[in-house]
Amino acid sequence: MMRHPVHHPFRRALGALAVAVALAACSSSPPPALYTIAPISGAPVSGAPGVVLLQQITLARYLERQQIVRSSENYRLDVMSNDWWGEPLGAMLGRVLVEELGQRLPGSTVLGENGGISSSPDVTVELNILRLDKDTAGNVILQAQAGVAFRGKGAPVLRAFRFSVPPPSPDVAGEVAAISTAVGQLADGLATMLPAPPLRK
């Protein structure tokens, strides 16, 4: 005689509870908010070489994450769990800086190392981003090191940058706006390094 499985009421209740918990978990975890850095216009600079290559940007390791870093002060890393960059930060900084330098250097063609166009550069820009987050006063701090190498001109020109920008609002959108301003200031500084130095006699 074939027996049919017995569906115990308690087992059915457990199944319903599991479905309810799963639905509640889904409803309590909204998709992350995605942010991007906006290019900022600056003053044009003349005298730069014809082809400028911005190499792949090196980030401090703590910045190599999807989540936006709020602060690295007081021996603690404050990371926004549900506020993310819309693309890898290094790639986004490179894309924005190529656009900003192209606007500031109207006589030059500015290329990114990972772009689809390649050419023999007259000058190469290397960039380390050491810090990009808020300090205890709430200002966004951008610290960077730059190296600019001119073809046939010997050792590269080195320079350190540090910018402090107050956000227009205390939320994440305000921090991203301040980061955009700071990156624009970095583009201003890089543009002033790109006119070729005079030949040494």
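Trainee: Let me start with the term: contact means heavy atoms within 4.5 Å. So which residues is P195 in contact with, leaving aside its neighbours within four places in sequence?

Mentor: Outside that window, P195 contacts V45, S46, G47, A48 and F150. Before we go on, this is a predicted model, where local features need pLDDT of at least 70 and side-chain atom pairs count only at pLDDT 80 or more, while totals for chains, interfaces and linings use all residues. Residues are numbered from 1 along each chain as its sequence is written, and side-chain values use heavy atoms, with hydrogens and water left out.

Trainee: Thanks! Where is P195, and is P195 buried, exposed or partly exposed?

Mentor: P195 sits in the segment after α3. It is partly exposed, at 27% relative accessible area. For the cut-offs, buried means under 20% relative accessible area, exposed means over 50%, and partly exposed is in between, using a 1.4 Å probe and protein chains only. P195 and V123 are 72 residues apart in sequence, with 9.5 Å between their C-alpha atoms.

Trainee: Let's zoom out. How many helices and strands does the protein have?

Mentor: Three helices and nine strands. Both are DSSP runs numbered from the N terminus: H or I with at least four residues for helices, E with at least two for strands.

Trainee: And how much of the protein is buried?

Mentor: Buried residues are 37% of the 201 residues. Of the contacts with a separation of 6 or more, 69% are between residues 24 or more positions apart.

Trainee: Got a good example of a buried residue with partners far along the chain?

Mentor: Try V148 in strand β8, residues 140–150. V148 has 1% relative accessibility, so it counts as buried. Not counting residues up to four places away, V148 touches V123, T124, V125, P156, V157, M193 and L194. V148 and V52 are 96 residues apart in sequence and 9.8 Å apart in space, C-alpha to C-alpha.

Trainee: What about L59, where is that?

Mentor: L59 is in strand β3, residues 58–59, and counts as buried at 10% relative accessibility. Beyond four places in sequence, L59 contacts E64, L89, G90, L93 and I129. The C-alpha atoms of L59 and R131 are 8.2 Å apart, with those positions 72 residues apart along the chain.

Trainee: Switching to helices: what describes two packed helices?

Mentor: Two packed helices are described by the angle between their axes and the distance between the axes. Here, helix α2 (residues 89–104) and helix α3 (residues 172–193) pack at an angle of about 50 degrees, with axes 9 Å apart. The axes are lines fitted to C-alpha atoms, for helices over the stretch in contact, and angles run from 0 to 180 degrees between N-to-C directions.

Trainee: What do we call that arrangement of α2 and α3?

Mentor: α2 and α3 are therefore oblique to each other. Angles under 35 degrees count as roughly parallel, over 145 as roughly antiparallel, 65 to 115 as roughly perpendicular, and the rest as oblique.

Trainee: Which residues of α2 and α3 make the contact?

Mentor: From α2, L93, V96, L97, E100, L101 and R104; from α3, V183, G184, L186, A187, D188, L190 and A191. By class, that contact has nine nonpolar, one polar and three charged residues. Ala, Val, Leu, Ile, Met, Phe, Trp, Tyr, Cys and Pro count as nonpolar, Asp, Glu, Lys and Arg as charged, and the others, Gly among them, as polar.

Trainee: Now R70. Is R70 buried or exposed?

Mentor: R70 counts as buried, at 16% relative accessibility, and lies in strand β4. A polar contact of 3.1 Å joins the side chains of R70 and E175. A polar contact is a pair of N or O atoms within 3.5 Å; within protein, one must be able to donate a hydrogen and the other to accept it, and residues adjacent in sequence count only if both atoms are side-chain atoms.

Trainee: And what joins the side chains of S120 and R151?

Mentor: A polar contact of 3.0 Å. S120 lies in the loop between β6 (109–112) and β7 (123–134).

Trainee: Last one: what is the phi of N74?

Mentor: N74 has a positive phi of about 55 degrees although it is not a glycine. N74 is in the loop between β4 (67–71) and β5 (78–85), and is exposed at 61% relative accessible area. Y75 is in the loop between β4 and β5, with a positive phi near 60 degrees and a relative accessible area of 90%, which makes Y75 exposed.
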